[in-house]
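Subject: Handing over a structure, with notes

Dear colleague,

I am passing a structure on to you, and below it you will find my notes on what turned up when I went through it. Please read them with the structure open beside you.

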Amino acid sequence: MKWITGSPAVRETLRILLAVLAALLLGFIITCLVSKDPLNAYRAFLFGPLSRLNRIGDWLEESISLILLGLAVSIAFKAKQFSLGAEGQMAFGAMASGVVALFVPLPLFLRIPLALLAAALIGFLWGALPGYLKAYMNANEIVSTLMLNAIALRLYDYLLIFHIKPPGAGYNQSDSFPEEGILPSFMPPLPFWEETRRMLTNQMNLTVMLYIGVAAFLIAYYVMARTPFGYELRMVGENIKFAKYGGINTKRTIVLVFAVSGIFAGLAGAHLSLGVHQKLIANITVGLGFEGIVVAIMARNNPLFVPLAAFAYGYLRAGADIMERTSDVPREMILIVQAVIILLVTAEYVLPFIKQRIVKPEDSYLAEGDRYAA
Amino acid sequence: MTALVEMRNIVKVYPNGVVANDGTHFSVMRADIHALVGENGAGKSTLMKILYGMELPSSGEILLDGKKVRFHSAHDAIAAGIGMVHQNFMLVPSFSVAENIVLGQEPLRRGLVDQKRAEEISNELANQYGLKVDPKACVANLSVGMRQRVEILKTLYRGAQVLILDEPTAVLTPQETQDLFRAARTLIEQGKTIIFISHKLNEVKEIASYITVMRAGKTLGTFESASTTHKELARMMVGRDVLLETNRSSSERSAKVLEVKNLVCTSDSGKPILRNLSFNIYSGEILGIAGVEGNGQTELAEVLSGLRPAASGNALLHGKKILNQTPRRVREMGVAHIPEDRLKNGLALNVSVEENFIVDRYFHSPYRRGLGVQYKQVRALGKRLIDAYGIHTSSGAQMVSSLSGGNMQKVILAREFSAEPRLLIAAQPTRGVDVGSTEFIHARLIEQRSKGAAILLISADLSEVIKLADRILVLYEGENVGIFSDPARLTEETLGLYMLGIQKQTPEEMEAVL
Amino acid sequence: MPLDLVLRGIFSAAFVASVLRISTPLILPALGGLLTDLAGATNIALEGIMLVAAFSGVVVSAYTHQVGLGVLAGIMAGMLLSAILAYFHLYLNTDVFLAGIALNIMASGGTIFLLYTITGDKGASSGLASGMVPVIDIPLVREIPFLGTIISGQNIFTYAAFLLTAGVALFLYRMRMGYHLRAVGENPEAAASVGINVKHVQLAAFLMSGFLAALGGLDLSMAYLTLFQREMTAGRGFIALAAVYLGGRKPWGVLLAAILFGFADAFSNQLAPLKIPSQLVQIIPYAVTIIALVLYAAQQRARSSGQQRSMK
């Protein structure tokens, strides 16, 4: 047993796996309570995403959104900034990229990059706002980001209904984007795999966002672990007083943390409009607002593990969708599973044999003598 | 005569394997002042926490008045008549004195807290034991000495027969210390028993009738205060001979490094913290700042290191303005700062030792090249500093939180000294550090001085200031009330009069020394 | 003249009465947030507690046809959620923000999940006949012009909100437990050193907080409306938290702050005749909350800097 519990990395992984398993078990118990056919419902939930090619496509597509959102949240949480603003940033990202896709007459290879840039920029700016309020006005970021989310969603609705929706349309949504405004398939049209490509693109909607997601992950990792900004971000998160004392401009760092986090959320929004829906629809962010949190927590705020966590969690979400479609259990069960995962992973004392630290540094004066003794 | 408190064979092993007490014996007679001395980490605090019910011993027994007792919480200990005055006071700042005294056992009237009664109780206690306080005053506005009185009254209200005073004089002026000692003698006359924890040997010999020495979790013995010498006590505490004097090579005053003129600093609400402060520090000089804590020392260090804005005045470092600059800018001009509260400000605990070294230099070469931080260079720096400063750690990648207090302080010293400062601000550099590390730190400060650095030494430990400083400036309510050029001829008592604002130099007298 | 209509609307007794009605589901959770905040922990899960209470109240009252049982069920459910949060935070050492966020997610998902399981509808509980708490007409007072319309004819939760503000004030500043609660929040070590069980006090604060937030949730589903809708709390739990700060962490201040938010909300409803798109008008209360947050923080900064010094 010692070799298992010895290394902290192994302990953490084990801990997270156990938390996920416990959450899934609870999900199963709930399913048994409400479903007439719990076994089939749960089978659909657990194995559905792999059962058909198009379902694998759905899973991977959603995982890309989750990678971006998970990175957005990890960056903020690593700096101990409890930003919950991803939803609003995502809505604006979707709107900005959608407007470019619809109205800017450029060819595909210019229009898509411009749309992505617009999404990143608006995410950056809308993210910087609560960062500024926190750093310079000392306004609690949890409340401010939630309020800004509410504002962003209403502005999104307003713009969509009053300015973008074609007159006379029945639904509150835009026209479908033109070909030049839609993310192309992840396989470039090369002659030697034309056959495979046609087969795959018919079945799954996997776009170049896959590469952007991978690039985003690599950049985020490099920035956090290897750059001066990453160092500043981590020091602010570990001990902001130390950071200030050491000469780090903590206020600027906080604003940047929120803003950089917003870039990733904005890109997730662009993925929704340019890739997933290929038009602007009402409630485009629905259900994704807080999903970045569970991904970040499963990855312990380390960008390195975000893709893994995103694929794992995306799988569960995709499974929940299939379960809702094929059984009598609603997909919201996944939210309960999600909440349990967050609770179990973040509870330090839940799995005592893999408890990390015994003397916590925050234990202030009472434990100080002991620490010196050690 | 049997002992009132007797602790036999106490063993305490913490879950992380640290042995704090290792078969400790300790006994105290009734109506006696008994001192418990030892270095930090010797196990004094743990032993007292066990007596006060805050920790359970792993084994061993406690006898109170000959009867075996077992305390599971502070509540049990309080009920048995044991009271403790903690080093950092256990008071609620926004509550009144009376509310603090009765907290936890408030007098009730018709189910509601009876404030009037609480005030009466406070007055009665204050009169009985000669510890005057204003029951209605808000604790947040009280001086440290007053707060300590409130703490003592609190334990007396709970019927304490045995009072544990944990380093009670660490934050007091010599005069306040004398007040405390007078109060302690009054308490003894009224039949109370006092356990006095300290590592100041002078005081211990003055107040206590018996002294118990602890080292490495064991008691080395109990001695009659009158028949032991400082040297013997010190040797027992440390386990070897200690140099009670630091060799100081007198240094020549040379170039002016820092010039502070009419420095004024106010709190955000407009309350003055530093009033018209002027002084100079020269290359190769240690200027000591003496004063009761809370008279502007903390703020002085913060203002000079860029962590706090100044309202007016000027401070020039080699002729360049350093007030109201960012901490980064100030550091770049050659200021290093050993902060007062190292755990809060000086370190990031859950970060590697190496990354703690680079907070002031990660952004320039050789640690940064292009977009990235050069971790190869960071590791090399880590190795170099760990060796040079004898920091006990398995590698630079180790988290700081796993180091001992003395080693944590060395991490800070290593970083700040290696920046080769022109001005070094050292705030409480040896607080909470054991005697061995204190010697090391003093030696390093003197080494920096001989390299030509100007050092501003802020310390609550008067003997430290007298020992190290070339000149001493006394701060009282943010004002310079006296400056002395020959510390060797000063006594703690003289300084105390200035620290309390009873004496003040005239501008002419100061001019002569400035 | 739409502007005329708007002005006439605002200066009417009916408008003031509606401000109180709209403020009620903010006052109650804000008082709950105040208690945990003073005890040294932030109850981020107010939102989820309200949601769960609102849902349980509707379902139980619909099935039992007993309003009282519905209210009781709502309170129990809210306190249970709060107890879970307290347990994770106090005994399992979970970060209170993350645990609170998790419980909000669970409340949001769980209520929709159960709503669908029970009614087959994911939007609202229109199929269920929810009970409604009584509205109280006060004889004589009712007859007073202007004031009568405001004071009389409100539902019991609105009266409860004001009475409980007084109750919380009495509790905090005159009762032993209230002293302990404030001491625990300000200096837990000091409280522990005189034998106060810090965790028990904080647990009690969470339970009371759950009780108060649950009343706020029940007000939404059994008085303000008489049905449950998904996400019907719409951020009120968080606005309540902002009211705690804006109100200076004092019971009557919190009450006033919550009424200010209620006013902003009611005011935005009154703007309808001006033909401003409703989405834009709906932004007002959220924007007010952010402004209030900034104002509170500024005031706090000025105050704490004075205090910190004297605490040394």
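To begin with chain B of this predicted model, there is an open sheet of 4 strands whose order is E2-E1-E4-E5 and whose pairing is antiparallel. Strand E2 (19–28) and strand E5 (67–69) of chain B stand at its edges, and since each has a single partner strand, one side of each is left without a neighbour in the sheet. From one strand to the next, the twist averages 25°. If you would like to look at one pairing in detail, strand E4 (residues 59–64) of chain B and E5(B) are joined in the antiparallel sense over 3 bridges, and Leu63(B) has Lys68(B) in E5(B) as its bridge partner. Helix H1 (residues 44–51) of chain B packs on this sheet, where it touches strand E1 (5–13), E2 and E4 of chain B, and its direction makes about 115° with that of E1(B).

As general background, the strands of a sheet pair through backbone hydrogen bonds, either parallel or antiparallel. Chain B also holds an open sheet of 6 strands, in the order E18-E21-E22-E15-E23-E24, and here the pairing is mixed. Its edge strands are strand E18 (335–338) and strand E24 (479–484) of chain B, each of which pairs on one side only. Neighbouring strands of this sheet are turned against each other by 20° on average, direction ignored. E18(B) runs parallel to strand E21 (residues 423–427) of chain B, to which 4 bridges join it, and His337(B) has Ile425(B) in E21(B) as its bridge partner. Helix H9 (residues 297–304) of chain B packs on the sheet and touches strand E15 (285–290), E18, E21, strand E22 (454–458) and strand E23 (471–476) of chain B, with a direction that makes about 150° with that of E21(B). Helix H14 (residues 405–418) of chain B, for its part, lies across E18 and E21 of chain B and runs at about 170° to E18(B).

Taken as a whole, chain B has 18 helices and 24 strands, and its C-alpha trace spans about 70 × 50 × 50 Å along its principal axes. Its radius of gyration is 25 Å, which agrees with the value near 24 Å that a compact globule of 514 residues would have.

Chain C, by comparison, has 14 helices and 2 strands. Its radius of gyration of 20 Å is close to the 20 Å that the globule rule gives for 312 residues, so chain C is as compact as a globular protein of that length. The box filled by its C-alpha atoms, taken along the principal axes, is roughly 60 × 45 × 40 Å.

Three helix pairs in chain C may help you to find your way around. Helix H3 (residues 46–64) of chain C and H5(C) have axes that come within 7 Å and cross at roughly 20°, which makes H3(C) roughly parallel to H5(C). The crossing of these two helices is left-handed, and the residues making the contact include Leu51(C) and Phe55(C) of H3(C) together with Leu103(C) and Thr111(C) of H5(C). That contact divides into 9 nonpolar, 4 polar and 1 charged residues.

Helix H4 (residues 67–91) and helix H10 (residues 198–224) of chain C pack at an angle of about 145°, with their axes 7 Å apart, and their crossing is right-handed. By class, the contact of H4(C) with H10(C) has 17 nonpolar, 8 polar and 1 charged residues.

The axes of helix H7 (residues 156–174) and helix H8 (residues 176–186) of chain C come within 5 Å and cross at roughly 75°, and H7(C) and H8(C) are therefore roughly perpendicular to each other. Among the residues that meet there are Phe171(C) and Tyr173(C) in H7(C), and Met177(C) and Leu181(C) in H8(C).

Finally, chain C touches chain A, in a contact that takes 42 residues from chain C and 37 residues from chain A. On the side of chain C, helix H5 (96–119), helix H11 (236–246), helix H13 (278–281) and helix H14 (283–311) each supply at least two residues, and the largest share, 15 residues, comes from H5(C). By class, this side has 28 nonpolar, 10 polar and 4 charged residues.

With best wishes

Terms used. Residues are numbered from 1 along each chain as its sequence is written. Chains are lettered from A and ligands numbered from 1 in the order in which they are written. This is a predicted model: local features need pLDDT of at least 70, side-chain atom pairs count only at pLDDT 80 or more; totals for chains, interfaces and linings use all residues. Two residues are in contact if their C-beta atoms, placed from the backbone, lie within 7 Å. Ala, Val, Leu, Ile, Met, Phe, Trp, Tyr, Cys and Pro count as nonpolar, Asp, Glu, Lys and Arg as charged, and the others, Gly among them, as polar. Two strands pair if DSSP finds at least two bridges between them. Axes are lines fitted to C-alpha atoms, for helices over the stretch in contact, and angles run from 0 to 180 degrees between N-to-C directions. A crossing is left-handed if the near helix is turned anticlockwise from the far one by less than a right angle, and right-handed if clockwise. Angles under 35 degrees count as roughly parallel, over 145 as roughly antiparallel, 65 to 115 as roughly perpendicular and the rest as oblique. The radius of gyration is taken over C-alpha atoms; the globule rule is 2.2 Å times the number of residues to the power 0.38.
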